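Open the model in your viewer and keep the selection panel at hand. Each stop below says what to select and what is there.

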Amino acid sequence: MKLWWSMELENGRKNLDRILSSGSFSDGDIVYLLSLREEKEVRALAKRAFDETTRQVGENVYFRGLIEVSNICTLNCRYCGIRRANHALNRYEMKKEEIVELALWAANHGLGNICLQSGERQDEKFVDFISECLKEIHRKTVSERLPNGLGITLSLGDQEKNVYERWAEASGNQQQLRYLARFETSNERLFDFLHSAKGKSKTLDRRLRALKDLRKCGYQVGTGVMIGIPGQTLEDLCADIRLFEELGIDMLGMGPYLRSDGGELLKYGQMEPRELLQLSLNMIAVARLVLKDVNIAAATALDVLDSNGRAKAINFGANVLMPNLTQAKYKSGYQLYDHKPSVEKEASSVLEKVVQDVLGSHRKIAWNLSGSSPHWRKRQISNSGR
Ligand code: SAH
């Protein structure tokens, strides 16, 4: 019996070596890699993903300073702590001066990039407000160090195409403009379950259309999923990776699904933290192996599972970190999930933590650099050749 068991392990390892040394991966290979748990095996996966990262996107880790502009949201996503029906929350909107001040702080501290994120709104006042912020940030951050101004990523939900165009124009720097809109899961049934609360809601179709519109408007396009959603399978995660490929995305942001008191999925539970962390790291590694030259962010949610979660993600193939610069007075109002890390901390100590995360890995920090993914740069070259 024991012999049989160790033979099986031996076969498993040979299988792993074979899969990892290959350059292309079947769905079966992907599911198998996602399922790895043994320390030796996950170490082999991490090493392969780390080396692929070095080869494809280099040794740099890029920072995007996150600014949580507002927690006002018109949607009711069932997993999310800031969904409309959570009446326990004080809703806030940062002032333009506060946003610009944080952007300048980021520029002065060598971050090179910020990400503006908020709950979802499509009203004219909001669209206009964001345009005004973008114009001012650009005007005030063009410098010798940042000749094109601060790089901007927007994470402001589904909008009409003309809104993406207006924001691109306002940014003054369309070449470096990025948009992040996770499709959360490619499994339509699961997606509908997650967004089936009463009221205005998201559809997978709408989100996929947004990703295509963003591409047409010249944005560097990012998406991602939550990992460990109740009812999600490894096959679903494999299908997510296939959809990333099909969409030709430039950037990825994926993180563990975590319970949220403000959401309405508590009764479905959450994966055991250590298993969830490993699955999330495996997903990053496999996405790196399959998608190769994209940027991959290590989600802050990883730090809820392990204080070194994001540092570990760097070793599994992530090359972007998003230190949260939002003022402490607002941050606690933007809890998408429970136990959000560092809610009481201000930007400088948050930045210090991600610096330590990178120093503890074998990577370098890319100060003042935009860090567009090679995937996107190649796309530019092939577009201009047409
Ligand atoms: N509303 C915008 C952006 C804000 S939400 C949008 O939909 O694009 C940013 C991301 O937080 C979401 O895409 C989702 O993947 C993640 N998120 C929300 N609730 C979460 C939870 N309970 N656990 C983990 N991630 C969560």
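Start by selecting methionine 271. Its relative accessible area is 26%, and because buried means under 20% and exposed over 50%, methionine 271 counts as partly exposed. Keep in mind that the model on screen is predicted.

Methionine 271 sits in the loop between strand 8 (251-256) and helix 10. Now show its neighbours. Leaving out residues up to four places away in sequence, methionine 271 touches Gly228, Leu276 and Leu279. Add histidine 339 to the selection: methionine 271 and histidine 339 are 68 residues apart in sequence, and their C-alpha atoms are 15 Å apart in space.

**Helix 10 and helix 9**

Next, select helix 10 (residues 273-291) together with helix 9 (residues 234-247). Their axes are 10 Å apart, and the two helices pack at an angle of about 35°. The crossing of helix 9 with helix 10 is right-handed. On the helix 9 side, the contact is made by Leu234, Leu237, Asp240, Ile241, Arg242, Phe244 and Glu245. Helix 10 supplies Leu279, Met283, Val286, Ala287, Val290 and Leu291. What kinds of residues make up the contact of helix 9 with helix 10? Colour them by type: 10 are nonpolar, three are charged and none is polar.

**Helix 10 and helix 3**

Keep helix 10 and swap helix 9 for helix 3 (residues 39-57). The axes of helix 3 and helix 10 come within 9 Å and cross at roughly 40°, and the two helices are therefore oblique to each other. Their crossing is left-handed. From helix 3, select Val42, Leu45, Arg48, Ala49, Glu52, Thr53 and Val57; these meet Gln278, Asn282, Ala285, Arg288 and Leu289 of helix 10. The residues of this contact divide into six nonpolar, three polar and three charged.

**Helix 5**

For the last stop, select helix 5 (residues 124-141). How far apart are its end C-alpha atoms? The distance is 26 Å, which agrees with the 26 Å that 18 residues should span at 1.5 Å a residue.

Now pick out the buried residues of helix 5: Phe126, Val127, Ile130, Ser131, Cys133, Leu134, Glu136, Ile137, His138 and Thr141. As you look along the helix, recall that an α-helix has 3.6 residues a turn, so residues three or four places apart point the same way. Finally, show what covers these buried residues: strand 2 (65-70), helix 4 (96-108), strand 3 (113-118), strand 4 (151-155) and helix 6 (161-171) are among the covering elements.

Technical notes
Residues are numbered from 1 along each chain as its sequence is written. This is a predicted model: local features need pLDDT of at least 70, side-chain atom pairs count only at pLDDT 80 or more; totals for chains, interfaces and linings use all residues. Side-chain values use heavy atoms; hydrogens and water are left out. Helices (H or I, at least four residues) and strands (E, at least two) are DSSP runs, numbered from the N terminus. The expected span of a helix is 1.5 Å times one less than its number of residues. Buried means under 20% relative accessible area, exposed over 50%, partly exposed in between (1.4 Å probe, protein chains only). Contact means heavy atoms within 4.5 Å. Axes are lines fitted to C-alpha atoms, for helices over the stretch in contact, and angles run from 0 to 180 degrees between N-to-C directions. Angles under 35 degrees count as roughly parallel, over 145 as roughly antiparallel, 65 to 115 as roughly perpendicular and the rest as oblique. A crossing is left-handed if the near helix is turned anticlockwise from the far one by less than a right angle, and right-handed if clockwise. Ala, Val, Leu, Ile, Met, Phe, Trp, Tyr, Cys and Pro count as nonpolar, Asp, Glu, Lys and Arg as charged, and the others, Gly among them, as polar.
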